[in-house]
Amino acid sequence: MSKTTVSAPANIAFIKYWGARDLDRAMPMNPSISMTLTECVSHCTVEVLDGEHDEVWLSEPDGNFGQPTSAFVRRVVQQLDNLRAWAGSREHFRVATRNNFPSSAGLASSASGFSALTLATLGALGKRNTPPEELSRLARLSGSGSAARSVLGGYVEWPAGGTTQESCHAVQLAPASHWDLRDVIAVVEIGAKTVSSREGHQRAPTSPYYGKRLELLPRRLEAVRAAIEAADLARLGPILEEEAVDLHLIAMSSHPPIFYWSPGTIAVLRAVRELRQEGLHAWATMDAGANVHVICDPESEDEIADRLAALPAVGYVIRDGAGDGPDDETPHLF
Ligand code: PMV
């Protein structure tokens, strides 16, 4: 057992997980498909402690350590409990974590954060070589369903088949090398969203349109799988945009409603439509937040990034893209 550091990337969902059968264990109402990113990452160092309690720290960019909120500490310790129970261990841990992108702003920081925590803890317990399906299942126990996808690289579906606790894990549909797809993220809000995705999952079934969404999904999932297999952006783009609007339509029509969009979101959506009219391949998607991921091909990336960065509503852009998943060759945070 040793100190272990893992960096794990965020992912962007093409088909969204929205609504859960069991929220605490992240058992979803519907399958989702995502692309694992490469630039937006969480780093996590975990070390076995000679003590009776876990220590959780936020590692600041200046090398100092900050105190996280008690809600965050509770979620981390809960996941450490899940991993202890799985490993039959009574160890306690010192944990430090850091995101290199805005947290809780709809950029999947819980996906990257909880997958990094899960993998680093398993490393500290000497169990890092656990099979990928089991890693995904364990990451899911954190309550962040999208973390189940971030432990894998490339294009990922979760769950692919089963809906039991054991079979509810993600699988890779294709490696990142299969398709060099880019994600230009237009950051219009850096503050934390006011309604968590946990709350959103809970409210989703109260939307009168939720049943219709579930009806439409099998056809959409099939089309996204086929578009990924064929590496066909013209086929994927319209579906991923339709799917993003659907997620927000459900959120806005839930009781009580949730409005994740900001004026900046609308400005970017309009700009993306204009870019398409000019012949560029660009389609937009948003997770549970205001920031917009513009999925595009490498040939259009520079132009799209420049145009989006020039919009008054956009603070800055992050140029991301399909990546290989978590990385264990990462310097320790302490
Ligand atoms: O993993 P959670 O519980 O934070 O939920 C993720 C929800 C969305 O980001 C909106 C969709 C998704 O599939 O990533």
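# Salt bridges, cysteines and two single positions

E134 and R137 share helix α3, which spans residues 132–140, and they stand three residues apart, about one turn of the helix. The model in which they appear is a predicted one. Between these two residues there is a salt bridge, whose closest N and O atoms are 3.1 Å apart. The partners differ in how they meet the surroundings: E134 has a relative accessibility of 22% and counts as partly exposed, while R137, at 12%, counts as buried. Because the limit for a buried residue is under 20% relative accessible area, the value of 22% places E134 in the partly exposed class.

A general point helps in reading such pairs. Side chains of opposite charge can pair when their charged atoms come close. In this structure the count comes to 24 salt bridges. Two further examples show pairs that reach across the chain.

One of these joins R182 to E301, with the closest N and O atoms 2.4 Å apart. This pair links distant parts of the chain, since R182 belongs to strand β10 (residues 182–187) and E301 to helix α9 (residues 298–309), with their positions 119 residues apart in sequence. R182 counts as partly exposed, at 22% relative accessibility. E301, by contrast, is buried, and its relative accessible area is 6%. The two residues also take part in a wider arrangement: D180, R182, E301, D302 and R319 are linked in a network of salt bridges.

The other example is the salt bridge between E243 and R220, in which the closest N and O atoms lie 2.5 Å apart. Here, too, distant parts of the chain are linked: E243 is found in helix α7 (residues 233–252) and R220 in helix α6 (residues 210–230), 23 residues apart. Both ends of this pair are buried. E243 has a relative accessible area of 0% and is therefore classed as buried, and R220 is buried with a value of 3%.

The cysteines may be considered next. How many disulfides are there in the model? The count comes to zero. For C40, the closest cysteine sulfur is that of C296, at a distance of 14 Å, so the two are too far apart for a bond. For C44, the closest cysteine sulfur belongs to C40 and is 17 Å away, which is likewise too far for a bond. The reasoning rests on the cut-off, because a disulfide requires a pair of cysteine sulfur atoms within 2.5 Å. Both of these residues are hidden from the surface: C40 counts as buried at 2% relative accessibility, and C44 counts as buried at 1%.

Two single positions complete the account. S89 is placed in the loop between α1 (70–87) and β7 (92–99). Is this loop residue buried or exposed? S89 is buried, because its relative accessible area is 15%. Leaving aside residues up to four places away in sequence, S89 touches R84 and L125.

R273 lies in helix α8, which covers residues 263–277. With a relative accessibility of 45%, R273 counts as partly exposed. Its position can be set against that of A322: R273 and A322 are 49 residues apart in sequence, and their C-alpha atoms are 23 Å apart in space.

Technical notes
Residues numbered from 1 in each chain as written. Predicted model: local features only at pLDDT ≥ 70, side-chain atom pairs only at ≥ 80, totals over all residues. Heavy atoms only, no water. Helix = DSSP H or I, 4+ residues; strand = E, 2+ residues; numbered from the N terminus. Buried < 20%, exposed > 50% of the residue type's maximum accessible area, 1.4 Å probe, protein only. Contact = heavy atoms within 4.5 Å. Salt bridge = Lys/Arg side-chain N within 4 Å of Asp/Glu carboxyl O.
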